[in-house]
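Open the model in your viewer and keep a selection panel at hand. This tour goes from the chain contact to the symmetry, then to an annotated span.

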Protein chains: 2
Amino acid sequence: MAALAALLLSTPAHADTLVDNVNGITLDKDGKLVRFTGLVIDSQGKVKQLLDRKDKRPERPDFKEDGRGRTLIPGLIDAHGHVMGLGFQLMLLDLSGTNSLAEAQAAIKKYAAENPEMPWIIGFGWNQEKWGLGRFPTAADLDAAVPDRAVWLERVDGHAGWANTAAMTAAKITAATKAPEGGRIEMAGGKPSGVFVDAAMSLIDSAKPKPLARDLDRAFLLAQQKLIEQGITSIADMGTSIQDWQAYRRAGDKKQLAIRVLSYGGDIDNMALIAGSEPTPWLYDDKLRMVGVKLYLDGALGSRGAWLKAPYSDAPGQKGLPLLTPAQLRNKMVRASMDKFQVAIHAIGDAANAEALAAIDDLSRDLPGERRWRIEHAQIVDPLDIPKFAELKVIASMQPVHQTSDRLMAEARLGPDRLKGAYAWRSLEKAGVRLAFGSDVPVESANPFPGIAAAISRTDAAGQPVGGWHPEETVTRETALDGYTRTAAYAAFAEDRLGTLMPGMRADFLILADDPLLASPDAIRKMVPLETWIGGYRYYRKSEGATVGR
Amino acid sequence: MAALAALLLSTPAHADTLVDNVNGITLDKDGKLVRFTGLVIDSQGKVKQLLDRKDKRPERPDFKEDGRGRTLIPGLIDAHGHVMGLGFQLMLLDLSGTNSLAEAQAAIKKYAAENPEMPWIIGFGWNQEKWGLGRFPTAADLDAAVPDRAVWLERVDGHAGWANTAAMTAAKITAATKAPEGGRIEMAGGKPSGVFVDAAMSLIDSAKPKPLARDLDRAFLLAQQKLIEQGITSIADMGTSIQDWQAYRRAGDKKQLAIRVLSYGGDIDNMALIAGSEPTPWLYDDKLRMVGVKLYLDGALGSRGAWLKAPYSDAPGQKGLPLLTPAQLRNKMVRASMDKFQVAIHAIGDAANAEALAAIDDLSRDLPGERRWRIEHAQIVDPLDIPKFAELKVIASMQPVHQTSDRLMAEARLGPDRLKGAYAWRSLEKAGVRLAFGSDVPVESANPFPGIAAAISRTDAAGQPVGGWHPEETVTRETALDGYTRTAAYAAFAEDRLGTLMPGMRADFLILADDPLLASPDAIRKMVPLETWIGGYRYYRKSEGATVGR
């Protein structure tokens, strides 16, 4: 990390930079496709000029790069992610590649040695079936690898955790400890064996130490590096806490902020504590801004927390639940809007989407002006409600990969009839709704290319189902690109500086081996950026491996 | 406030500025007095050159000011204050000038009308004796002025509060409400009359709404303006909360930060949340930095919370109490010091001072390097402990005006023998201890000139006692100036940029009508800056009244 920091600090400003001989693609501010072969960047890191093949090149640019015919596209904007969530995920020990208990023990031991300051060793991905162990692993198995620090490892399916003795001691687990409802403590010889199932995992989870500021700082830098390597140059951080924000500011203050973070405060408290009585200015050369607030109106489909108009098909007594009363939702929306904060409402079920739309409708008369209300996910929408998105000018902030991950589960939860308004990108677009696309990282990978592939094909990583799932809801390649660039910027009030490569905009772009407007969905899914530039600096070059820096 | 903000935003950078024809005074980095007649400031707002009468002036400065023989001294640094505490004090309604209930009612009504957004009207300073009322005022008296919003006003002595009906309703006060121990609810006709005495004040205090971010922002700007008008160009903020810090950052982000805030986090939690794993960089052109942490080891003398070695003279059973165990104090000091944060320990009683010194002694061996441990207040020190300050290189951060405010109370609390180490500036200095001077605003006024007068005379605003209280503890004028400039900067690791006017330092200075090295203590006490410059900008000119801006 020290090397990364040093490199970021050392990137110098250039006068004019010319990136020439590229297959350049951008949308203009009206969404029209523009092609170019050269890009001139000014000393402020902004696009100065797009060049056609016949245009004269600047005579003596300060820095010149030959694109050798490769494709150049605007930096991709993830319209919905959780930056610190990704960072903490990246800090965990990943055991999913281990093939035996002994291999896992060796990996755990190595990781503990490499991270002497970590008070707990936390990880995931073990699978005793894959190991051929014929039993659950035990605390003693873990003690053999790390006896002196707490170790806590989640099973590959997330439904069990494996603790060593130090972790159980820290959590005050004894032979007398009872599992909470919905959980089970595995026993061996009359005492807990070390494995905690489902709800019993909370017994250990609650004893984990809170992350220190240095953990937050490290997590942020790891997340930033991962995002940049995947071609994300800006990300809407949906639900920033004060701890998260301070980590972003520390990175900014130390000139380590490379990616652009468009922040939405985690509910009103964080919003007001962080930004005060209005959105913050753009900070650190447009690298950070708190623009709005994220509110949760319901849960998720998988856990049947999404709020539906009619009961779940696979749980007839349940419809999910709203997390806010009508008054609470409207009060929070008014509180934020009066201070000019943008409001982004998490709504997954059709009832939640209808209620979010109703609340926006109720308030729009008293809150004129361009609010750019956002509904996050908008996963299951009653087809009758789709026109309201357009009427109320609500932005649908959606995550294409969720469709491919969720489809079998969604079929079970909803039955065939309700799928008409599920992940209904094309229906929304046809109604006149603007689509902003994102990943919901770390719930899904932040990689935007499988998202683009899903958006245009409705097929998953295996190309399934053949022909696409409800293929009438696919969008064009241009719409997919728009959702990850121009509209993602518009959705965060950032279209005056981000999302396209028109003159005056920040020079955020990717160099790709192939053209995503021509490649097959399968080829798009496998694309990786060769280079990632932000504000006219090349922060990543694949040929240099994971190095971030010019 | 809008005008202030606009002016601060509009102050342009100058190339070379010449302030000429002044009676210029500064200490150099070794504490030697330097005199000059002209000051050249560069485009960065730093001192470029000090000019003697015979030195050649720059030929064409971008801006030139004729000092007309007036005195120029370094901007004064308050080594111990509470910025937001001052700001909130300035937002309160001040009734101390009212001479009748009717006058007070009119003032309350006017203030309420002028502040329509304030959910509660909060103030202080009423005195029914001065009004000749012959009784306590009542809730009905207040309702007549403001019926529709809560009003809560502290009596001049701070020992009673006066609420209207709306405030009592908000606090759920009924005829059945019982006063807590040490408090009394005034009754009239079998129900609370509106006046709450001593501990009963908490019944209403606890119902007050928390300040909103906009209140914090307004309070900060008011405090900043007040400090600049009083000649304070930098202030050590002793116990910054995350809310305070966010207000400072918002001011910085909006280019409204004029004063320099040297911040010490309010205990470890705020320190770590704000600054992370090391002190922040200098932010906003050296206007803000978190350098350390403030810890409280005991309380105050007035409330007998100060921790003494022997019992209070006027309360033989009491010695006060430490607020931290030996282990807690040392753990916090280690936690901060390991991450290179400076530690400032509040210690008022002689036992607290001895314990702070013992803790520093215990840790110094394991924490080498230049720590600049600070003891805040160091009010009552056992003379036997004074040499330890010097041995351990502890900075004594003291508030001269406390001596004049406290002397009669200190005599009662301590008896004559213990006064030998009370406010013992000269004894500490003679032992080789560096003295940083401050105000403890809002406990005292932030005005540094009465502080300088007290430091050199040990007399109060009335010149009492004649000849000074324990005059052997007076310091020289040069030491007083040093405590408010050079050593106050050193005490915050800021001597490389603040505290003197030597070339390369920030051009923070005051223009005064008279020379504080020559004027009488009484004249010094009444001094007010004619101009206050920070970083080469004139933020305040007395002839323009309260206007802040060039």
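**Stop 1: the contact.** Select the residues where chain A and chain B meet. Chain A puts 17 residues into the contact, and chain B puts in 17 residues. Keep in mind that this is a predicted model.

Now stay on the chain A side and colour by element. Select helix H8 (213–229), helix H9 (242–253) and helix H10 (267–275) of chain A: these are the elements that each give two or more residues to the side touching chain B. Which of them gives the most? Pick H9(A): with 5 residues, H9(A) is the top contributor to that side.

Recolour the chain A side by residue class. It splits into 7 nonpolar, 5 polar and 5 charged residues.

**Stop 2: the axis.** Superpose chain A on chain B. The operation is a rotation of 180° with a shift of 0.1 Å along its axis, and the RMSD is 0.1 Å. The two copies are therefore related as by a two-fold rotation axis.

Next, select A:Ile242. Among the residues of chain A, A:Ile242 comes closest to the rotation axis, with its C-alpha at 4.5 Å. Then compare the two contact sets. Both copies use the same surface: 100% of the chain A contact residues recur in chain B.

**Stop 3: the annotated span.** Select residues 66–536 of chain A. UniProt, in an unreviewed entry, lists this span as "domain: Amidohydrolase". Put a distance label between the end C-alpha atoms of residues 66–536: they lie 15 Å apart. Switch to cartoon view for the secondary structure. The span is 35% helix and 20% strand.

Terms used
Residues numbered from 1 in each chain as written. Chains lettered and ligands numbered in written order. Predicted model: local features only at pLDDT ≥ 70, side-chain atom pairs only at ≥ 80, totals over all residues. Contact = placed C-beta atoms within 7 Å. Helix = DSSP H or I, 4+ residues; strand = E, 2+ residues; numbered from the N terminus. Nonpolar A, V, L, I, M, F, W, Y, C, P; charged D, E, K, R; others polar. Least-squares fit on C-alpha atoms with pLDDT ≥ 70 in both. UniProt positions renumbered as here; feature names shortened; annotations may be inferred.
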